[in-house]
Amino acid sequence: MTIVDSVILGIVEGLTEYLPVSSTGHLLVTQALLGIHNNAADDAFAVCIQSGAILAVLGLYYMRVKEMVLGVLGKNPAGLRMLINLMIAFVPAVVIGLIFDDWIKTFLFGLKPVIVAWVVGGLGILIYVRYSRKKGDEHQGLDFEELTPKKAFIIGLLQCVAMWPGTSRSLMTMLGGMFVGLSLSAAVEFSFVLGLITLGAATCYDAMKHGQEMLNQFGWESLAVGTFASWLSAVVAVKWMVSYLQKHSFAVFGWYRLAVGIIVTVLVGFNVIV
């Protein structure tokens, strides 16, 4: 893997991590196009550079994180409730992830499962948008602070579906948030902040499990460059998404997923990527 490859992977990771389009799916396709064949070190590199995207959201949502820290210190009850809800939503991913991690990487980390997830997820978004338009304004609903532990747990269960590569953690948590009654903006914010915990845990887990192998193969330089590229592109992507969804619906991501699913199917069919 060259430095240029690291930059490309970092940009792809940052742009897609918090958008409901699946960063894992995009990274798998990008690795295939770059001729990088998946092994434990490659997978660990793809996971660890997402720390840049985590830092981007940490900076953008600094005030939310501060509220929760103050809550732990007994100075902000609302912040403590938010943190408790986030931890409740995180628990299902821990349990399912630890039990099925090896099975998922063995059987689902491939282009065909990703294509299926892209298409199904795209159709799911379009169906939801159509339903929400009939029901009322998707921008209406509960605020972040009004989420209950029960509803947080439901979002956490739906997040586990995203362990199928191509599904998108962001997609499932955003749809889960709106399903339990959050407004679109609140669902997006909850998804982003929950990602700090979920993605942070996944990064630490892979770093401990395959970190040395990854560093032996790629070195610190590639990891640092990929992480920086991930951070910078994630800042751009998150700011754009928040601004875009204030005036538009979720539908663009459904159409995008269908389009990329078709394009990758064609590329696989013509053996451009394998």
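The following exchange concerns a predicted model and the terms used to describe its pocket, salt bridges and surface.

Modeller: In this predicted model, local features need pLDDT of at least 70, side-chain atom pairs count only at pLDDT 80 or more, and totals for chains, interfaces and linings use all residues. Residues are numbered from 1 along each chain as its sequence is written, and side-chain values use heavy atoms, with hydrogens and water left out.

Colleague: What makes two side chains such as Asp-101 and Lys-105 a salt bridge?

Modeller: The term requires a side-chain nitrogen of Lys or Arg within 4 Å of a carboxyl oxygen of Asp or Glu. For Asp-101 and Lys-105 the N to O value is 3.9 Å, so the pair meets the limit of 4 Å. Both residues lie in helix 6, four residues apart, about one turn of the helix; helices here are DSSP runs (H or I, at least four residues), numbered from the N terminus.

Colleague: Which residue of helix 10 forms a salt bridge with Asp-101 of helix 6?

Modeller: Lys-209 does, with its closest N and O atoms 3.5 Å from those of Asp-101. Because Lys-209 lies in helix 10 and Asp-101 in helix 6, this pair ties together parts that are 108 residues apart in sequence. Asp-206 and Lys-105 also meet in a salt bridge, at 3.3 Å from N to O. That pair too links distant parts of the chain, Asp-206 being in helix 10 and Lys-105 in helix 6, 101 residues apart.

Colleague: Which residues are joined into one network by salt bridges that share partners?

Modeller: The network consists of Asp-101, Asp-102, Lys-105, Asp-206 and Lys-209. A search of the whole structure finds seven salt bridges.

Colleague: Why is Asp-206 called buried?

Modeller: Buried means under 20% relative accessible area, exposed means over 50%, and partly exposed lies in between (1.4 Å probe, protein chains only). Asp-206 has 5% relative accessibility and therefore counts as buried. Asp-101, at 14%, is buried as well. Lys-105 has a relative accessible area of 24% and is therefore partly exposed, and Lys-209, at 37%, is also partly exposed.

Colleague: How do you know that there is a pocket, and which residues are closest to its centre?

Modeller: A pocket is an open set of points on a 1 Å grid over the protein atoms alone, where a 1.4 Å probe fits, with protein on both sides within 12 Å along at least five of seven lines; lining residues have an atom within 4 Å of a point. The largest pocket holds about 920 Å³ of space, a volume being the space filled by probe spheres set on the points, which are joined across faces, edges and corners. It is lined by 39 residues, and the closest to its centre are Thr-24, Val-47, Met-163, Leu-199 and Ala-202. Helix 6 contributes the largest share of the lining, eight residues.

Colleague: Which residues form the nonpolar patch on the surface?

Modeller: Val-91, Val-94, Val-95, Ile-96, Leu-98, Ile-99, Phe-100, Trp-103 and Phe-107 form the patch, with about 840 Å² of accessible area together. Patch residues have over 30% relative accessible area and no salt bridge, with nonpolar side chains (Val, Leu, Ile, Met, Phe, Trp, Tyr) joined within 5 Å and like charges within 9 Å. Val-91, found in helix 6, counts as partly exposed because its relative accessibility is 44%.

Note on methods
Helix = DSSP H or I, 4+ residues; strand = E, 2+ residues; numbered from the N terminus. Areas by Shrake-Rupley, 256 points an atom, 1.4 Å probe, with all protein chains shown as cover.
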